[in-house]
Amino acid sequence: MIEKKEKQNNLAEDKYKLHQKYAMKNLLERQFAFIEKYIPFPSNILEVGCGVGDFLLYCRSREKKDIKGIDISEESVKITNARLKKSGFHEAAQVQDIYKLADLVDMRNKFDVVIMRGVVHHLEDPKLAFDNIFKVLNSGGYLICLLYTSPSPRDLSTSRMPSSA
């Protein structure tokens with residue numbers, strides 16, 4: 001009886017993992033399609049809060065190689081870079097505090113696009129974070145914030161940084 005229950009639990013866990021993998025793939029495809037529709041490629045892209053690199057890997061696999069990621073978690077960055085390397089890409093993530101983004105770039109090489117996926121609600125000081133993002137975003141560049149919604153992230157939108165006069 002215990003063995004049967006254990007097999008059922010394992011089967012349920014496998015189904016859950018498969019569902020999670022499919023759901024993430026579907027979400028990444030929708031997010032990428034949205035971004036690709038509005039953002040000209042090639043673009044110099046920064047993903048803020050890259051986590052374990054799902055979006056970075058997805059973009060790299062679609063030959064959008066000018067994407068970098070930052071995350072405050074050392075462990076997440078290690079996992080991201082290991083996943084990229086395993087897939088044949090060079091490391092593209094680094095540990096970086098969103099409140100110190102100016103340390104990240106040579107100000108002559110700012111980003112065309114900054115993407116934040118599910119990050120805003122984690123910020124202690126959103127205004128300071130956005131102020132820092134705008135310092136590393138090119139004039140005319142895009143800031144894309146994808147937020148968690150209920151029941152799903154179906155409504156996506158983008159904002160464009162005003163061009164300098």
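This passage describes the fold, the nonpolar cores and a few selected residues of a predicted model.

The overall layout is a good place to start. The protein has 165 residues, of which 35% count as buried. Its secondary structure comes to 4 helices and 6 strands, and these follow one another along the sequence in the pattern α-β-α-β-α-β-β-α-β-β. Contacts between residues 24 or more positions apart make up 64% of those with a separation of 6 or more.

Strand 4 offers a convenient route into the fold. This strand spans residues 111-117, and 6 of its 7 residues are buried, so that it counts as mostly covered under the 20% cut-off for relative accessible area. Strand 4 has a parallel pairing with strand 1 (residues 45-48), made over 4 bridges; here Val48 has Met116 of strand 4 as its bridge partner. Strand 4 also pairs in the parallel sense with strand 5 (residues 137-146), this time over 6 bridges. In that pairing, Phe111 is matched with Leu137 of strand 5. Helix 4 (residues 126-136) joins the picture as well: together with strand 4 and strand 5 it makes a β-α-β unit, and the unit is right-handed.

The nonpolar interior comes next. In soluble globular proteins, nonpolar side chains tend to be buried together. In this model, the largest nonpolar core has 19 residues, and those with the most contacts inside it are Ile35, Ile39, Phe55, Ile67, Val113, Ile115 and Ile144. Two or more residues of this core are given by each of helix 1 (2-38), helix 2 (54-61), strand 4 and strand 5. A second, separate core has 17 residues, among them Ile70, Val105, Val119 and Val136. Back in the largest core, Ile115 is worth a closer look. Leaving aside neighbours within four places in sequence, Ile115 is in contact with Ile35, Ile45, Leu46, Glu47, Val48, Phe55 and Ile144.

Helix 2, one of the contributors to the largest core, is itself mostly covered, with 6 of its 8 residues buried. The buried residues are Phe55, Leu56, Leu57, Tyr58, Cys59 and Arg60. After helix 2 comes Glu63, which has a positive phi near 65°.

Tyr58 also takes part in an aromatic pair, and the count for the model comes to 1 such pair. The partner is Phe32: the two ring centres are 5.5 Å apart and the planes lie at 65°, so the arrangement is edge-to-face, a class that requires an angle over 60 degrees. The pair links distant parts of the chain, since Phe32 is in helix 1 and Tyr58 is in helix 2, 26 residues apart. Both rings belong to buried residues: Phe32 has a relative accessible area of 5%, while Tyr58 counts as buried at 11% relative accessibility.

Finally, a polar residue rounds off the tour. Gln96 is found in the loop between strand 3 (93-95) and strand 4. With a relative accessibility of 12%, Gln96 counts as buried because the limit is 20%. The side chain of Gln96 reaches the backbone oxygen of Lys100 at 2.8 Å. Not counting residues up to four places away in sequence, Gln96 touches Ile70, Asp71, Ile72, Leu101, Asp103 and Leu104. One of these, Ile70, is also a member of the second nonpolar core.

Terms used: Residues numbered from 1 in each chain as written. Predicted model: local features only at pLDDT ≥ 70, side-chain atom pairs only at ≥ 80, totals over all residues. Heavy atoms only, no water. Buried < 20%, exposed > 50% of the residue type's maximum accessible area, 1.4 Å probe, protein only. Pairing = 2+ DSSP bridges. Right-handed = clockwise from strand over helix to strand, strands pointing away. Core = buried A, V, L, I, M, F, W, Y, C linked by side-chain atoms within 4.5 Å. Contact = heavy atoms within 4.5 Å. Phe/Tyr/Trp six-rings, centres within 6.5 Å; stacked < 30°, edge-to-face > 60°. Polar contact = N/O pair within 3.5 Å; in protein donor to acceptor, adjacent residues only side chain to side chain.
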